[in-house]
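Let's take a walk through a protein, one stop at a time. Keep the picture beside you as you read, and look for each residue when it comes up.

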Amino acid sequence: MTAFGAEAGGDAPVEPGADQRWSTWTSVTKGQRGPEPRPDWVVTADAALDTELGVLKTGKEADVFLVERAVPGDPDRRSLLAAKRYRGRDHRQFHRDGEYTDGRRVRRTRDQRAIEDRKSSWGKAVAATQWADAEFLALSRLWDAGAPVPYPVQIDGTEILLEFVGRESADGTAEAAPRLARTRPEAEQLADWFDQLRHGMGVIARLGWAHGDLSPYNILVDDAADGGRLVIIDLPQVVDLVANPFGADLLHRDCRNVCTWFASRGLDVDPDELFADVFAQAW
């Protein structure tokens, strides 16, 4: 896969083609970029182009697209990204926003008032970015803490650019990592994956949070890693275990969801034991 523009080594000026734009890296502020130190694959060059390569996933609240960010003619400055684009409030299907957002406040009181006044144009604009902001901030803190999440490259309005978790073949074809629910692991892999997941949930809990909607469908298995590396995704609804009165219940549901899957594959796991272990790390 290459970015389309001027041919490598040519003198013609590079201009975005179909399904392309200039990289948005320099158009966002420092606070809208991922935590430092950044992985060495992150492309920050002004000359980079973003090329949309197709849809990775459609969902209730957002769609995810495969994007190549590359400097034309320079194969060393190129990476694949997952572009998660949230829909406006009128098109999303978060039917129980309050259950997740109890205890969460936006950073500016003006924005909070605007959200409460959803008939205003400003209120609609703020509400449309609230979930994207929450996920980007959560991913940034979780990455810093060592949680198994994709690296958050940047946020621009309702679009989050994330590390693409998957593999690319020699012919340039990209394949997203499978969801845990779609895998059929061997017995020895099951125990390792469960330990990885318990560790990841513990890291989240030590920040005072729970995923809030964890299931085998939002855990990826990066099979490019030896033995498979679990990566937790979809964190717009991250729950504050202290401030949210539903926090403990949502964490317990997360534990039941994942333990049900592991038990169905033959691993002896106890959701109450997992909950006790993870919840204790929040204090």
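Is Asp234 buried or exposed? Asp234 counts as buried because its relative accessible area is 15%, and the cut-off for buried is under 20%. You can find Asp234 in the loop between strand S11 (229–232) and strand S12 (239–240). There is something else to spot there: Asp234 has a positive phi of about 60 degrees, although it is not a glycine.

Before going further, keep in mind that you're looking at a predicted model. The protein has 283 residues, and 47% of them count as buried. Its chain forms six helices and twelve strands. Now think about which parts of the chain touch each other. If you take the contacts with a separation of 6 or more, 65% of them are between residues 24 or more positions apart.

Now compare Asp234 with another aspartate. Asp19 also has a positive phi, near 60 degrees, and again this is a residue other than glycine. Asp19 sits in the segment before S1. With a relative accessibility of 57%, Asp19 counts as exposed, because the cut-off for that is over 50%. A third aspartate, Asp213, belongs to the loop between S9 and strand S10 (219–222). Asp213 counts as partly exposed, at 32% relative accessibility. Asp213 and Val239 are 26 residues apart in sequence, while their C-alpha atoms are 9.2 Å apart in space.

Step into strand S1 and you meet Gln20. Gln20 is buried, with a relative accessible area of 12%. What does the side chain of Gln20 pair up with? One polar contact, of 2.7 Å, joins it to the side chain of Thr51. A polar atom of the Gln20 side chain also lies 2.6 Å from the backbone nitrogen of Gly17.

Follow the chain onward into the loop between strand S1 (20–22) and strand S2 (49–58), and you'll come to Pro37. Look at the bond just before this proline. Glu36 and Pro37 are joined by a cis peptide bond, with omega at about 0 degrees.

Next, let's look inside. The largest nonpolar core has 48 residues, and those with the most contacts inside it are Leu180, Leu197, Met201, Leu251, Phe262 and Leu274. Which helix gives the most to this core? That would be helix H4 (residues 187–206), with eight residues. Another core lies apart from it, made up of nine residues, among them Val42, Phe65, Val67 and Val153.

Pick out Leu180 in the largest core and see what surrounds it. Leaving aside residues up to four places away in sequence, Leu180 touches Trp193, Pro216, Ile219, Val221, Leu230, Trp261 and Phe262.

Helix H4 also holds His199. Is this histidine buried, exposed or partly exposed? His199 is partly exposed, since its relative accessible area is 46%, and that value falls between the cut-offs of 20% and 50%. Not counting residues up to four places away in sequence, His199 touches Gly146 and Arg206. His199 and Asp277 are 78 residues apart in sequence, yet 9.9 Å apart in space, going from C-alpha to C-alpha.

Our last stop is empty space. Rolling a probe the size of a water molecule over the atoms shows where such space is left. How many cavities of 30 Å³ or more does a search of the whole structure find? The search finds one. About 40 Å³ of space lies in this largest cavity.

Which residues line the largest cavity? They are Met201, Ile204, Ala205, Trp209, Ala210, His211, Leu214, Leu251 and Asp254. Sorted by class, the lining has seven nonpolar residues, one polar and one charged. H4, strand S9 (209–210) and helix H5 (247–264) each supply at least two residues of this lining, and H4 gives the most, with three. You've met some of these names before: Met201 and Leu251 are among the residues with the most contacts inside the largest nonpolar core, and both also line the largest cavity. Helix H4, too, comes up twice, giving the most to that core and the most to the lining of the cavity.

Definitions and conventions:
Residues numbered from 1 in each chain as written. Predicted model: local features only at pLDDT ≥ 70, side-chain atom pairs only at ≥ 80, totals over all residues. Heavy atoms only, no water. Core = buried A, V, L, I, M, F, W, Y, C linked by side-chain atoms within 4.5 Å. Buried < 20%, exposed > 50% of the residue type's maximum accessible area, 1.4 Å probe, protein only. Helix = DSSP H or I, 4+ residues; strand = E, 2+ residues; numbered from the N terminus. Contact = heavy atoms within 4.5 Å. 1 Å grid on protein atoms, 1.4 Å probe; cavity = no way out; pocket = protein on both sides within 12 Å on 5 of 7 lines; lining within 4 Å. Points joined across faces, edges and corners; volume = space filled by probe spheres on them. Nonpolar A, V, L, I, M, F, W, Y, C, P; charged D, E, K, R; others polar. Polar contact = N/O pair within 3.5 Å; in protein donor to acceptor, adjacent residues only side chain to side chain.
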